[in-house]
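Here are my comments on the model you sent, set out as numbered points for you to read alongside the coordinates.

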Amino acid sequence: MFTITVRNRSLSSLSTATGSSGGNDGSPDVAVQLDYYMSLQFAGVACALVNDVYKSKGINNLQFLPTCPVGLEAARVRSYQNANPATLATFGSVEQNIFTPTLHADPSLNVTAVASMFRRSPLCVASLGPLKKGDVIGAHEDTVELLQRIFPEQKIVASPRGSKNTDLLDGTYQGIQAYTTTEVPALHRLMQGRGMDPNGLQFQMLEDGSAVDSAQLGYSQMLFVANESLEGSDRREASTAFLEGTFEGWQHAIRNPDEAIEAVSEAQKMLRLDDESNDHTFDSISFKQEMLGLVNNHVKESFIGDRHGVLHPHRWSKATNWLLQDKKDVDPLFGFDQTNLWQPPSNLLHGNELGRAALEEAKVSALKFAETHGRKPSLAVITVGELSRYGHSKRRVQLYSNPSNSWFTKTDTGKNNGFDVTEINLSETSTTTD
């Protein structure tokens, strides 16, 4: 049990769902339904929790609910808020590709997306070779329909989540639903342990931007709230406080990855939300460092204006239109918070999002060029002299970007987006005739 007191509000205790709470009626200020066990994919939440960041934001009673079956996150948030009406804000986390169809099928859930920890989904299908017609792909039960749409020539079946990597290597399935942040690095290690070549692993991103009509899955680790959480100043203050704490926690995880790994371990002990036995994590420092690095790369892409975690209406709309393609008269902003709970000031340009959208368009163009001409488009980047800002390039990439879209990793950025990039560094004494 923790006591959390901040600002001018009375904040008393933190507990798991099995513990007591400190509101006058036994209800917490904020309740949270994570869509998975406490792990490195929630490193920012863990950092905020163990470092008392939520406490510093005025949340006196933060309650984490038990992990629920896949696909039921919105229902659990609605059920909890109904049963605990005095709770100021009830949050959940889930993928947009689950949230949007679920809410459309049952609008009475009355939940709204307000922020997101990942800008794009790390969802992929992993296999040991090219997938053939009729191959079987194992997937989480809430993703079967989605994968069948993307892989119409394969058979998609619901499969156990905890043994998916072993099932792939044993040949139970020819492909599995996986995440590039978790199962892929774990598979590399499992394959090495079996004497297999890790380079033999193939994975196809479900949203890879390789075509104008490619899958649009939208946001991942998206944060949504019961609609009551957006009503009235007290509820909005509590909702904002949780988001402020969460993304300050992510800033800490990005800047101090080793401390973040320790924070996740401590949060697991505090919350007891790490009880899944599975084969897609490794209790080794190298795995944890790799996984957290991949997760942090996704979080950094969510930065717009002056904060991480911002939902952009254009990206949301693209995903909604794709996910609900067969539905009629759908508002592209269906499920999107239009009260601006977690948006930067209107006078700040959304430069990050504009840049990423432009890069995605360039990737589509580059791949079309390669298909037409049999080679990638080439680009030469010439640097004359030593640029002082390059002196901290590695740290800047760590804090603000990642190798797939950074000015400081031009060759890797080109490779990840369909271009052959050649970097040419010239002395400041060079002339135009050299």
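1. Of the 434 residues in the protein, 50% are buried, and this figure, like the others below, should be read as a value computed from a predicted model. The protein exposes about 19,800 Å², of which carbon and sulfur atoms supply 49%.

2. As to the fold, the secondary structure comprises 14 helices and 13 strands. The radius of gyration is 23 Å, close to the 22 Å given by the globule rule for 434 residues, so the protein is as compact as a globular protein of that length. Taken along the principal axes, the box filled by the C-alpha atoms is roughly 80 × 55 × 50 Å.

3. Among the contacts with a separation of 6 or more, 76% are made by residues that stand 24 or more positions apart.

4. Where charge is concerned, the protein carries 39 positive and 51 negative charges, and the mean positions of these two sets are 2 Å apart.

5. One residue that I would ask you to look at in the viewer is Ser-121, which sits in the loop between β5 (111-118) and β6 (123-127). Is Ser-121 buried or exposed? Its relative accessible area is 2%, and because buried means under 20%, Ser-121 counts as buried.

6. The surroundings of Ser-121 can be described further: a polar atom of its side chain lies 3.0 Å from the backbone nitrogen of Leu-123. Leaving aside residues up to four places away in sequence, Ser-121 touches Glu-95, Met-205, Leu-217, Gly-218, Ser-220 and His-298.

Note on methods. Residues are numbered from 1 along each chain as its sequence is written. This is a predicted model: local features need pLDDT of at least 70, side-chain atom pairs count only at pLDDT 80 or more; totals for chains, interfaces and linings use all residues. Side-chain values use heavy atoms; hydrogens and water are left out. Helices (H or I, at least four residues) and strands (E, at least two) are DSSP runs, numbered from the N terminus. The radius of gyration is taken over C-alpha atoms; the globule rule is 2.2 Å times the number of residues to the power 0.38. Buried means under 20% relative accessible area, exposed over 50%, partly exposed in between (1.4 Å probe, protein chains only). Contact means heavy atoms within 4.5 Å. Accessible areas come from the Shrake-Rupley method with a 1.4 Å probe; for residues, only the protein chains shown count as cover. Lys and Arg count as positive and Asp and Glu as negative; His and the chain ends are not counted. The place of a charge is taken as NZ of Lys, CZ of Arg, CG of Asp or CD of Glu. A polar contact is a pair of N or O atoms within 3.5 Å; within protein, one must be able to donate a hydrogen and the other to accept it, and residues adjacent in sequence count only if both atoms are side-chain atoms.
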